[in-house]
Amino acid sequence: MSKNPSTPSITADYAQRVTDDLSANRSEQERVRAELARLQEELVRLEESEQVLTKMQEVLGTTPKQTAKKGKGSKTAAVPAARPSNGRAAAGKASAGTGRKTSKKAALPKKPGEPTWLELTTAHLARQSEPKSAAEVSSALTEAHPERAVQVAVVRNTLEQGVAQGLLERSKQGRSVFYNSVLAASAQSGS
């Protein structure tokens, strides 16, 4: 008869564990739903911020063409972009540490009618007979356009933008990267 009284006790213990687990599961579901709602709100804010930044980029004349744009309802996972606040803080610390004031030329937007960086770089590379590095393109643009503040990083980003748009070709030789106009490359291969 010792087996009989222990069976209800074990059953009651398991029933209590299942009840506790079910309660924990439901509270975890609520927590995840709340987190999901917060993340969805954050995504909406980020998308709105992206639209504002894109419009600012268009005003500045540095608009890169985007190959594919994802809709708000997209369920695919995306790699998050770097947080701009960290980059700005790091950039501020770097410029504060050098003690130099930023050039007023760099702060001025592109004047209407002036060619964009992409137009300048593709035109320069179209006139070249061999691939050039970002530094070489930067120095050539500095000589050709002394009125514009030419930065190697901006030129490098513009060259990559041209590659993404199919206007330029990238080639690597060791650790060096060289760029060539698609038109110039096709003319050379046709010769």
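1. Let's start with Leu 53, which you will find in helix α1. This is a predicted model, so please keep that in mind as you read on. Leu 53 has a relative accessibility of 43% and counts as partly exposed. Together with Val 52 and Met 56, Leu 53 makes a nonpolar surface patch of about 270 Å².

2. Stay with helix α1, which spans residues 3-60, and look for charged side chains. Glu 28 and Arg 31 meet in a salt bridge, with N and O 2.6 Å apart. The two residues are three places apart in the helix, about one turn. Why does that spacing suit a pair? An α-helix has 3.6 residues a turn, so residues three or four places apart point the same way. Side chains of opposite charge can then pair when their charged atoms come close. Both partners are partly exposed: Glu 28 has a relative accessible area of 38%, and Arg 31 has 46%.

3. A second pair in α1 is worth a look. The side chains of Arg 33 and Glu 30 also meet in a salt bridge, at 3.2 Å from N to O. Again the partners lie three residues apart, about one turn of the helix. Arg 33 is partly exposed, with a relative accessible area of 47%.

4. How many salt bridges does the structure hold? There are six. One of them joins Lys 132 to Glu 130, where the closest N and O atoms are 3.8 Å apart. Are these two partners buried or partly exposed? Lys 132 counts as buried, at 18% relative accessibility, because the cut-off for buried is under 20%. Glu 130, at 44%, counts as partly exposed. Elsewhere, Glu 35, Arg 38 and Glu 42 are joined into one network by salt bridges that share partners.

5. Now step back to the whole chain. The protein chain has seven helices and two strands. Along the sequence, their order reads α-α-α-α-α-α-β-β-α, with the two strands following six helices and a final helix coming after them. Of the 191 residues in the chain, 16% are buried. The chain exposes about 14,900 Å², and carbon and sulfur atoms supply 56% of that area. Among contacts between residues at least 6 apart in sequence, 54% join residues at least 24 apart.

6. Helix α4, residues 117-126, deserves your attention. This helix is mostly covered, with seven of its ten residues buried. The buried residues are Trp 117, Leu 118, Leu 120, Thr 121, Thr 122, His 124 and Leu 125.

7. Compare two neighbours in this helix, Thr 121 and Thr 122. Thr 121 counts as buried, at 0% relative accessibility. Leaving out residues up to four places away in sequence, Thr 121 touches Val 137, Leu 141, Val 155, Thr 158 and Leu 159. Thr 122 is buried too, with a relative accessible area of 19%; the cut-off is under 20%, so this value falls within it. Beyond its neighbours within four places, Thr 122 is in contact with Leu 167 and Leu 168.

8. Which residues make up the largest nonpolar core? The eleven are Trp 117, Leu 120, Leu 125, Ala 134, Val 137, Leu 141, Val 155, Leu 159, Val 163, Leu 168 and Tyr 179. Helices α4, α5 (134-144) and α6 (152-164) each supply at least two residues of this core. Try clicking on Leu 141, one of the core residues. Not counting residues up to four places away in sequence, Leu 141 touches Trp 117, Leu 120, Thr 121, His 124, Val 150 and Val 155.

9. Finish with the two strands. Strand β1 (residues 168-173) and strand β2 (residues 176-181) run antiparallel and are joined by six bridges. Ser 171 stands opposite Phe 178 in β2. The strands form a hairpin with two residues between them. In that turn, Gly 174 has a positive phi of about 70 degrees.

Key:
Residues numbered from 1 in each chain as written. Predicted model: local features only at pLDDT ≥ 70, side-chain atom pairs only at ≥ 80, totals over all residues. Heavy atoms only, no water. Salt bridge = Lys/Arg side-chain N within 4 Å of Asp/Glu carboxyl O. Helix = DSSP H or I, 4+ residues; strand = E, 2+ residues; numbered from the N terminus. Buried < 20%, exposed > 50% of the residue type's maximum accessible area, 1.4 Å probe, protein only. Patch = residues over 30% accessible without salt bridge, like charges linked within 9 Å, V, L, I, M, F, W, Y side chains within 5 Å. Areas by Shrake-Rupley, 256 points an atom, 1.4 Å probe, with all protein chains shown as cover. Contact = heavy atoms within 4.5 Å. Core = buried A, V, L, I, M, F, W, Y, C linked by side-chain atoms within 4.5 Å. Pairing = 2+ DSSP bridges.
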